[in-house]
Amino acid sequence: MLQVELPDLESTERLGAAIARVLPDDPAGWTLLLSGELGAGKSSLARALLRARGHAGPVPSPSYALIEPYEVSGTAVYHIDLYRLGGEEELRYLGFDELDDGLKLVEWPDRAPRLTDTADLDLRLEYAGDARRALLSALSERGQALLESLEIRLGEAKG
């Protein structure tokens, strides 16, 4: 597990950008789970990740659309919000299984607990007083490799 202190919005954005840089050029089939309370920074982190990968347009929260698709550098990226999901079985109606052609950024994954079986990284954002912190855990071998690369990158940024 990797813990990253996030004293402000800019640090959350830097973390999102760092994750974007350690992902493979073609992250098709990857799933990153973004957990945390309302306002903890899940959409901000996803927005920063998308921008760091080259998306220049707006990145709205997917709260109403449930899935916001993007095409970034020739790769599909799906920003998914499961907050209003009634149950795990509703994933099928969203066409979730058809999104393996791209990177999936999934907010509120606790609404579909079995996602951890196929995801690569669990990124939990939590409040820490007036600031926030991120707790990142690998859920797959490639997620572990990504976490190790991220830890190196973040260490280099500090030094």
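## A walk through a predicted chain

The chain contains 4 helices and 7 strands. The structure is a predicted model, not one taken from an experiment. Followed along the sequence, the helices and strands come in the pattern β-α-β-α-β-β-α-β-β-β-α.

Start with the overall dimensions. Along the principal axes, the C-alpha atoms fill a box of roughly 45 × 35 × 30 Å. For 159 residues, a compact globule would have a radius of gyration near 15 Å, and the chain has 15 Å, so the two values agree. Half of the chain can be described in one figure: 50% of the 159 residues count as buried. Contacts can be sorted by how far apart the partners are in sequence. Among contacts with a separation of 6 or more, 62% are between residues 24 or more positions apart.

The strand S1, residues 2-6, is a place to begin, and Glu5 lies in it. Glu5 has a relative accessible area of 44%, and because the partly exposed class runs between 20% and 50%, Glu5 belongs there. Beyond its neighbours within four places in sequence, Glu5 is in contact with Arg132 and Arg133. Glu5 and Glu126 show a long step in sequence set beside a distance in space: they are 121 residues apart along the chain, and their C-alpha atoms are 9.8 Å apart.

Next comes helix H1. At 1.5 Å a residue, its 14 residues should span 20 Å, and its end C-alpha atoms are 20 Å apart, so the expected and actual spans agree. The buried residues of H1 are Ser11, Thr12, Leu15, Gly16, Ala17, Ala18, Ile19, Ala20 and Val22. Val22 can also be related to the other end of the sequence. Its C-alpha atom is 9.9 Å from that of Ile152, although the two residues are 130 apart along the chain. Ile152 is part of helix H4, residues 141-158. Its relative accessible area is 53%, and therefore Ile152 is exposed.

Helix H2 covers residues 42-52, and its buried residues are Lys42, Ser43, Leu45, Ala46, Ala48, Leu49 and Leu50. What do the buried residues of H2 pack against? Their partners are helix H1 (9-22) together with the strands S2 (31-36), S3 (67-72), S4 (75-81), S5 (102-107) and S6 (121-128). Just after H2, Gly54 has a positive phi of about 120°.

The loop between H2 and S3 holds Ser61. With 33% relative accessibility, Ser61 counts as partly exposed. Setting aside neighbours within four places in sequence, the residues in contact with Ser61 are Ser43, Arg47, Glu68 and Asp81. The C-alpha atoms of Ser61 and Leu38 are separated by 12 Å, and these residues are 23 apart along the chain.

Two residues other than glycine also have a positive phi. One is Ser73, with phi near 50°, in the loop between S3 and S4. The other is Trp108, with phi of about 60°, in the loop between S5 and S6. Are these two loop residues buried or exposed? Ser73 has 67% relative accessibility and so counts as exposed, whereas Trp108 has 12% and so counts as buried.

A further loop residue is Glu88, between S4 and helix H3 (91-94). Glu88 counts as buried because its relative accessibility is 18%, under the 20% limit. Leaving out neighbours within four places in sequence, Glu88 is in contact with Arg111, Ala112, Pro113, Arg114 and Leu115.

Leu115 appears again in a pocket. Rolling a probe the size of a water molecule over the atoms shows where empty space is left. The second largest pocket has a volume of about 290 Å³. Of the 13 residues that line this pocket, Leu91, Phe96, Asp97, Leu115 and Thr118 are the closest to its centre. Sorted by class, the lining has 3 nonpolar, 3 polar and 7 charged residues.

Notes. Residues numbered from 1 in each chain as written. Predicted model: local features only at pLDDT ≥ 70, side-chain atom pairs only at ≥ 80, totals over all residues. Heavy atoms only, no water. Buried < 20%, exposed > 50% of the residue type's maximum accessible area, 1.4 Å probe, protein only. Contact = heavy atoms within 4.5 Å. Expected span 1.5 Å × (residues − 1). 1 Å grid on protein atoms, 1.4 Å probe; cavity = no way out; pocket = protein on both sides within 12 Å on 5 of 7 lines; lining within 4 Å. Points joined across faces, edges and corners; volume = space filled by probe spheres on them. Nonpolar A, V, L, I, M, F, W, Y, C, P; charged D, E, K, R; others polar. Rg over C-alpha atoms; globule rule 2.2 N^0.38 Å.
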